[in-house]
Amino acid sequence: MSAKYFIGLLIFVVVSPSNAWVYQCKAYPTTKKCDHFMFSQLWPPTFCKIEKCSIPTDVNTWTIHGLWPDAPNYHLSFCYPKQVFDPNSIMDITDKLQLVWPSLKYNEENMYFWQNEWCKHGSCALNCTTETDSERNYFNKTVDLNKKFSIDKALSENGIVPGKSYNLTTITDALHDAFNATSIVCCSVVDGQNYLHEIHLCMTTDFTLKDCDVSMTGCKKYEPISYPSFKSSFISELSLELP
């Protein structure tokens, strides 16, 4: 190999977009062991109510927030041994990830979002099950769960559709009918109004759904919960806002 060719190859490797995202995760020691997962899906219109956002044009449904392994009464994060986020491991599924697991924060790269989810949560999933024992397996399994446990379907089949408001019991009952387990309904309160923001599903390490310890968080009790539509004016205002 000529010196000129070698230098050119070296430069390509250094500046290659995928290699630019290779990242050494931080990690903290813990003796806690993973014994269940929480699978979180979020509703983009509500996210845009509380954050400066940018929703991809082909996203029109609930999206993945993350798959979070936990120990009893303890939230695991940034687990040992230290991991490396390597985008090359998921390069062939990035088109799928961009659709179901996009970053909705304005001006935030998807790779940065996935890097954080892998370092913070994926690192703790390695020893939970063989289905999440590598970066690629972790992302693949999460995408599979998103397809299997559709919040859109669970709500719409029980008459809960965007653009209307519902009481908490109506939503929790619909989710229980769909999944036969207690889920967590998460609200964000904006100007005194409840907005449906996330749904958390709890599951064992073999991904069997189980009852969550609580059924609601962040919601003002006895107040209706708004399920905003993608056509809400605040989305277009924030999504198109320039820095």
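How many of the 16 residues of α5 are buried? In this predicted model, the count is 13, so α5 is largely enclosed by the rest of the structure. The helix α5 also gives the most to the lining of the largest pocket, with six residues, and the points below therefore start from α5 and the largest pocket before turning to the second largest pocket and to the contacts of aromatic rings.

**The helix α5**

- The helix α5, which spans residues 110-125, bends by about 40° at C119.
- Because 13 of its 16 residues are buried, α5 is largely enclosed by the rest of the structure, and six residues of α5 belong to the lining of the largest pocket.

**The largest pocket**

- The largest pocket has a volume of about 450 Å³, and of the 26 residues that line it, H65, W68, F113, N116 and E117 are the closest to its centre.
- At least two residues of this lining come from each of β2 (36-42), α3 (44-50), β3 (63-71), α5 (110-125) and β8 (193-203).
- By residue class, the lining of the largest pocket comprises eleven nonpolar, eight polar and seven charged residues.

**The second largest pocket**

- The second largest pocket holds about 270 Å³ of space, and among the 15 residues that line it, H36, M38, A71, N73 and D213 lie nearest its centre.
- Two or more residues of the lining of the second largest pocket are given by each of β2, β3 and β4 (74-75), and the strands β2 and β3 each also supply at least two residues of the lining of the largest pocket.
- The lining of the second largest pocket divides into eight nonpolar, three polar and four charged residues.

**Aromatic pairs**

- The structure holds eleven aromatic pairs; in the pair formed by Y138 and F139, the ring centres are 5.4 Å apart and the planes stand at 80°, so this pair is edge-to-face.
- Y138 and F139 are both buried.
- A cluster of W43, W62, Y227 and F230 is linked through ring pairs.

**Charges over rings**

- K26 lies over the face of F78, at 4.8 Å from the ring centre.
- K32 places its charged end over the ring of Y74, 5.7 Å from the centre of that ring.

Methods:
Residues numbered from 1 in each chain as written. Predicted model: local features only at pLDDT ≥ 70, side-chain atom pairs only at ≥ 80, totals over all residues. Heavy atoms only, no water. 1 Å grid on protein atoms, 1.4 Å probe; cavity = no way out; pocket = protein on both sides within 12 Å on 5 of 7 lines; lining within 4 Å. Points joined across faces, edges and corners; volume = space filled by probe spheres on them. Helix = DSSP H or I, 4+ residues; strand = E, 2+ residues; numbered from the N terminus. Nonpolar A, V, L, I, M, F, W, Y, C, P; charged D, E, K, R; others polar. Phe/Tyr/Trp six-rings, centres within 6.5 Å; stacked < 30°, edge-to-face > 60°. Buried < 20%, exposed > 50% of the residue type's maximum accessible area, 1.4 Å probe, protein only. Lys NZ or Arg CZ within 6 Å of the ring centre and 35° of its normal. Bend = angle between axes of the 7 residues up to and from the residue.
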